[in-house]
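Trainee: Got a minute to go through this one with me? I'd like to get my bearings before I go back to the bench.
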Amino acid sequence: MSDPFELNDDLPFEPLAPKPAAAAPPVPAAPPVWLEKLNPEQRQAVETTEGPVLVLSGAGTGKTRVLTTRVAWILMNRRARPWQVLAVTFTNRAAREMRERVMHLVGPSAEAVWLGTFHAISVRILRRNAELVGLKSNFTILDSDDQIRLLKQLMEVDNIDSKKWPAQALMGVIQRWKDRGLTPDKVGGQGGSDFADGRAVALYRAYQERLRTLNAADFGDLLLHCLTLFQSRADILGEYQEQFHYVLVDEYQDTNVAQYLWLRLLTQKHRNLCCVGDDDQSIYSWRGAEVGNILRFEKDFPDAKVVRLERNYRSTPTILAAASHLIAHNEGRLGKTLRTGLENVEQGAPIKVRGVWDGAEEARWLVDEIETLQRAGHALDQIAILVRAGFQMLEFEERFITTGVPYRVVGGPRFYERLEIRDAVAYLRLIQQPEDDLAFERIINKPKRGLGDTTIQKLHILARAQGVSLMEASQRISETDELRPQARTALANFARDMERWRSLRETTLPAEIAAQVLEDSGYIDMWQKDKSPEGPGRLDNLKEFVSGLDEWENLGGFLDHVSLVMENDANAGEAGVTLMTLHSAKGLEFDTVFMPGWEEDIFPNRRALDESGEKALEEERRLAYVGITRARRRAFISFAANRRVYNQWQSSIPSRFVEELPKENIEQESDPGLYGHRGGGGDWPGFNDTAGARSGAGIRRRMGFTDGATYEAKERVSTNEFRIGDRVFHQKFGYGIVEGIDDSKLEISFDKAGRKKVLDSFVEPST
DNA sequence: CGTATATATCTTTTT
DNA sequence: GATATATACG
């Protein structure tokens, strides 16, 4: 794909000539104390309110402070009223934090600032203008599950082989189009249109139509519909352009094309756009983010002032040096040099790099280190474990539970994604929006009402024939003899109940409605009768769900919250070690950071590399950079020689990033015998072998064995006849699986007897 | 129509 | 090892 921006040449703008010099501030404000805490660059970024500003801000250079202070400064100087300021972030967390900090500076008037994620702000705009893009203002926001189900239905109609062309892949293609601001009409034969023999665009079109009849929008639509709205209605665009005197953008390097266009349209009039970003922290290109937007900025706003923040106030010089050294392996950076902004700072401890035998060992070591820190008086909430992917968390959670060290998971399994909660939400969605067929299908037979596939099929046929929703179709069909009497009454009852619940909205608060619906529908009852071990937990969750509704006065607001925020703030407050992915760690900082799993194929991630090659490698490296720069004082990195993937053991080699760290800033220690005993004698056991192991992997790759299976390849890690993963029999302990090999000593996990260390001569292979 | 058993695919990262 | 879909049977 060439330059995605070319596609949008029909958009009604060109770089505008710079505005005549801005008028002096109406009320010159006395510089408040908080301004004096800023360094000259930060201050410049805050005080340059007029015209476009690009702030290139490295990790830990105080970018959030700049943004919040800038908003406060604008308000204090009466350059704009609160609602004339628009501040956009990527995550809800960033939005929340920013709101808190601005309120702290200027008080409750900050409530009225338009501050939120791109998506949340877009929803706000769309609810007001829904009709203009073919929706009603109570439209539903679909999650990715709904999207996939919908796409599957459409593909079924077209008789597309769902094995060959997974709906998920199509969703990805459509999402990428939407990320680039492309409606079906604009796609024009590029990027993934080879899907299903070129039928992707047609499917995209059908999908969009279907969304309209469902009165629903997916995530990408929130932005895309805004763009359509702005481009088709100059008057509406004009109103918003007029309204937003000042626009600020956080994490600018993560904007995609659609978001960029959105910003460019909204800021055309006043041109007071301030973008804060760091190309070295661009880690969302897989979601359509365009680092190019940073370069693009100076082209579209030739008079832009560029401010560089390079003084780091967060980390020790050692950590900074390690991060800088690592990221220097990337090409095509804008090039910032991060230096410490702290005075009289100590060099800091070297980064500890440790190689261990396997994942369990890694977790044991890591939690031991945490306990040592804890005994030395370090607060647990100042410690974080950052992993590449969610599945890596499990091992540490288990270890935390057995040791009793308190921890919390950020962005783990989400509350609103639980089955029972989604069901409950579906009930509410259907109440709020009767055309929501996806919600209808989800709950029509939960609890069992004797309405199975055949009934649903008939409903579908009727709905399609008459062009109405499933809800409406059930009303109509229940007046006929189309269905068996049993199904007919069940359906009529359901429709009647639904009508009653819907009318409750006039008089009753959402929490009460939810409680009643879940009770009357028999949904609660269904779980009470459920004998599975999950039953009680689900009931608890439902209770929590209802009580979480307490603070909401209208159902629509709550449903938006569910789809846009999706997070579980319930146990957010508890103190403990934080466990999260590197992606969600961006923007945070901790005294101590642990980064386990630095192994080839995990980090850098294999799939990413297969998909996007060198480009992905650089993004993985940026991710490593983000991770290291989260640490204020201490960083730990580890890798394991063996890891269980799915159900098989495979050996792994250290991440290439380990070697890209500067030797003088790390302290390497590894368990002996990690990679066999061939090399031996080195100060860093295992390390000597990695080069050889790597080139082996390289050869295999060049020979075309790239499907990962070869890696596991049950490589011999010892001289005896057993391999990791082998099933064996032992006279005393019975059957078990080999989990570790150290010369003739085997570590075996026995089915009955647990984990034991035994000698190989006492066991025999078994199938 | 509902239940039980087998199976395939999964694990990148998120609004 | 878990979850969602497919299939067979009651």
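Mentor: Let's go through the chain as a whole, then the DNA, then a helix pair and some single residues.

Mentor: Keep in mind that this is a predicted model, where local features need pLDDT of at least 70, side-chain atom pairs count only at pLDDT 80 or more, and totals for chains, interfaces and linings use all residues. Residues are numbered from 1 along each chain as its sequence is written, chains are lettered from A and ligands numbered from 1 in the order in which they are written, and side-chain values use heavy atoms, with hydrogens and water left out.

Trainee: OK, how many helices and strands does chain A have?

Mentor: Chain A has 29 helices and 23 strands. Those are DSSP runs numbered from the N terminus, H or I with at least four residues for helices and E with at least two for strands.

Trainee: And what share of chain A is buried?

Mentor: Of its 767 residues, 53% are buried. Buried is under 20% relative accessible area, exposed is over 50%, and partly exposed is in between, using a 1.4 Å probe and protein chains only.

Trainee: On to the DNA. Which residues come nearest to strand B?

Mentor: R388, G390, F391, T454 and R607, out of 29 residues around DNA strand B. Near here means that a heavy atom of the residue lies within 4 Å of the strand. Sugar and phosphate make up 55% of the strand B atoms that come within 4 Å of the protein.

Trainee: Which side chains have a polar atom by a base oxygen?

Mentor: H119 has a side-chain N or O atom 3.2 Å from a base oxygen of DNA strand B, and W286 has one 3.2 Å from a base oxygen too. On the backbone, a polar side-chain atom of T455 sits 2.8 Å from a phosphate oxygen. The elements giving two or more residues to that surface are helix 18 (453-466), helix 25 (582-585) and helix 26 (606-628).

Trainee: What's the mix of residue classes on that surface?

Mentor: Eight nonpolar, 13 polar and eight charged. Ala, Val, Leu, Ile, Met, Phe, Trp, Tyr, Cys and Pro count as nonpolar, Asp, Glu, Lys and Arg as charged, and the others, Gly among them, as polar.

Trainee: Switching topic: at what angle do helix 8 and helix 9 pack?

Mentor: About 90 degrees, with the axes 13 Å apart. Axes are lines fitted to C-alpha atoms, for helices over the stretch in contact, and angles run from 0 to 180 degrees between N-to-C directions. Helix 8 is therefore roughly perpendicular to helix 9, a label for angles of 65 to 115 degrees.

Trainee: Which residues make that contact?

Mentor: Y204, Q208, L211 and R212 from helix 8, with D221, L224 and H225 from helix 9. Contact means heavy atoms within 4.5 Å.

Trainee: Now R314. Where is it, and is it buried or exposed?

Mentor: R314 is in the loop between strand 9 (311-312) and helix 13 (317-327), and at 11% relative accessibility it counts as buried. Its side chain makes a polar contact with the side chain of E589 at 3.1 Å. A polar contact is a pair of N or O atoms within 3.5 Å; within protein, one must be able to donate a hydrogen and the other to accept it, and residues adjacent in sequence count only if both atoms are side-chain atoms.

Trainee: What about L56?

Mentor: L56 is in strand 1 (residues 53-57) and is buried at 5% relative accessible area. Its C-alpha is 8.4 Å from that of K336, 280 residues apart along the chain.

Terms used. Parallel < 35°, antiparallel > 145°, perpendicular 65-115°, else oblique.
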